[in-house]
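Thanks for making time, everyone. I have one structure to walk through today, so let's put it on the screen.

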Amino acid sequence: ILYHTKQDEGHTIHIAELFIMPDHQRKGIASYVIDKLLPASNPSTKQYGVLVRHQNGAALWLFYNKLGFNLGDAELVKKHERSPIDFVWLYKIFQK
């Protein structure tokens with residue numbers, strides 16, 4: 001498991017990378033990291049966000065949508081110095 005996060009002043013964790021070794025994919029590990037591990041290790045977090053490339057959009061959208069992520073505003077993509085033509089912003093509000 002490899003993941004990297006960055007927290008901003010608004011209590012949003014930005015999931016920069018989440019990689020599960022191929023032999024361990026499709027076993028619920030990434031879902032566990034997002035739903036259980038991140039909230040437990042960052043209890044003040046109110047929201048998660050992730051930038052997804054349009055190229056990877058279909059598969060990743062299904063994954064993140066299943067976890068309760070929503071499509072975000074294109075302005076947030078620009079805030080992260082990326083182009084809305086290439087990326088979409090997905091976010092999830094954490095309910096305690």
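I'll go from confidence to fold, then to the pocket, the salt bridges and a few single residues.

Confidence comes up front. This is a predicted model. The mean pLDDT of the protein is 79. Of the residues, 85% score at least 70. Which element has the lowest mean pLDDT? That is strand 1, residues 2–7, at 57. At the other end sits strand 4, residues 70–71, with the highest mean, 88. A general caution belongs here: where pLDDT is low, predicted coordinates should not be read in detail.

Now the fold. The protein has three helices and five strands. Along the sequence, the order is β-β-α-β-α-β-α-β. The chain has 96 residues, and 27% of them are buried.

Next, the largest pocket. Its volume is about 1000 Å³. How many residues line the largest pocket? The count is 33. Nearest the centre are Leu18, Phe19, Leu60, Phe63 and Tyr64. Several elements supply at least two lining residues each. Among the strands, these are strand 1, strand 2 (12–19), strand 3 (47–53) and strand 5 (87–93). Helix 1 (29–41) and helix 2 do so too. Keep in mind that strand 1, on that list, is the element with the lowest mean pLDDT.

Tyr64 deserves a second look. Tyrosine 64 is part of helix 2. Buried or exposed? Tyrosine 64 has a relative accessible area of 5%, so it is buried. From its C-alpha to that of leucine 90 is 7.8 Å, with their positions 26 residues apart in sequence.

Staying in helix 2, which spans residues 57–66, we find tryptophan 61. Its relative accessibility is 32%, so tryptophan 61 counts as partly exposed. Trp61 also belongs to a nonpolar surface patch, together with Leu62 and Leu71. The three share about 320 Å² of accessible area. Patch members need over 30% relative accessible area, and tryptophan 61 has 32%.

On to charges. As a general point, side chains of opposite charge can pair when their charged atoms come close. This structure holds two salt bridges.

The first to show joins aspartate 35 and lysine 92, at 2.8 Å from N to O. That pair links distant parts of the chain. Aspartate 35 sits in helix 1, lysine 92 in strand 5, and 57 residues separate them in sequence. What about cover? Lysine 92 has a relative accessible area of 14%, so it is buried. Aspartate 35 comes out at 30%, so it counts as partly exposed.

The other bridge is between lysine 78 and glutamate 75, at 3.3 Å, again N to O. Both residues lie in helix 3. They are three residues apart, about one turn of the helix. Lysine 78 has 46% relative accessibility, so it is partly exposed. Glutamate 75, at 47%, is partly exposed as well.

Lysine 92 has another contact to point out. Glycine 68 is 24 residues from lysine 92 in sequence, yet their C-alpha atoms are 6.2 Å apart. Glycine 68 is in the loop between helix 2 and strand 4. Its relative accessibility is 36%, which puts glycine 68 in the partly exposed class.

Two more loop residues. Where is arginine 26? Arginine 26 lies in the loop between strand 2 and helix 1. Its phi is near 65°, a positive value in a residue other than glycine. For context, most residues other than glycine have a negative phi. Arginine 26 is also exposed, with a relative accessible area of 86%.

Then isoleucine 85. Isoleucine 85 is in the loop between helix 3 (74–79) and strand 5. Its relative accessible area is 70%, so isoleucine 85 is exposed. The C-alpha atoms of isoleucine 85 and alanine 74 are 9.2 Å apart, for a spacing of eleven residues along the chain.

To recap: the largest pocket has 33 lining residues, there are two salt bridges, and strand 1 has the lowest mean pLDDT among the elements. That's my part done.

How values were computed
Residues numbered from 1 in each chain as written. Predicted model: local features only at pLDDT ≥ 70, side-chain atom pairs only at ≥ 80, totals over all residues. Heavy atoms only, no water. Patch = residues over 30% accessible without salt bridge, like charges linked within 9 Å, V, L, I, M, F, W, Y side chains within 5 Å. Areas by Shrake-Rupley, 256 points an atom, 1.4 Å probe, with all protein chains shown as cover. Salt bridge = Lys/Arg side-chain N within 4 Å of Asp/Glu carboxyl O. Helix = DSSP H or I, 4+ residues; strand = E, 2+ residues; numbered from the N terminus. Buried < 20%, exposed > 50% of the residue type's maximum accessible area, 1.4 Å probe, protein only. pLDDT = per-residue confidence, 0-100. 1 Å grid on protein atoms, 1.4 Å probe; cavity = no way out; pocket = protein on both sides within 12 Å on 5 of 7 lines; lining within 4 Å. Points joined across faces, edges and corners; volume = space filled by probe spheres on them.
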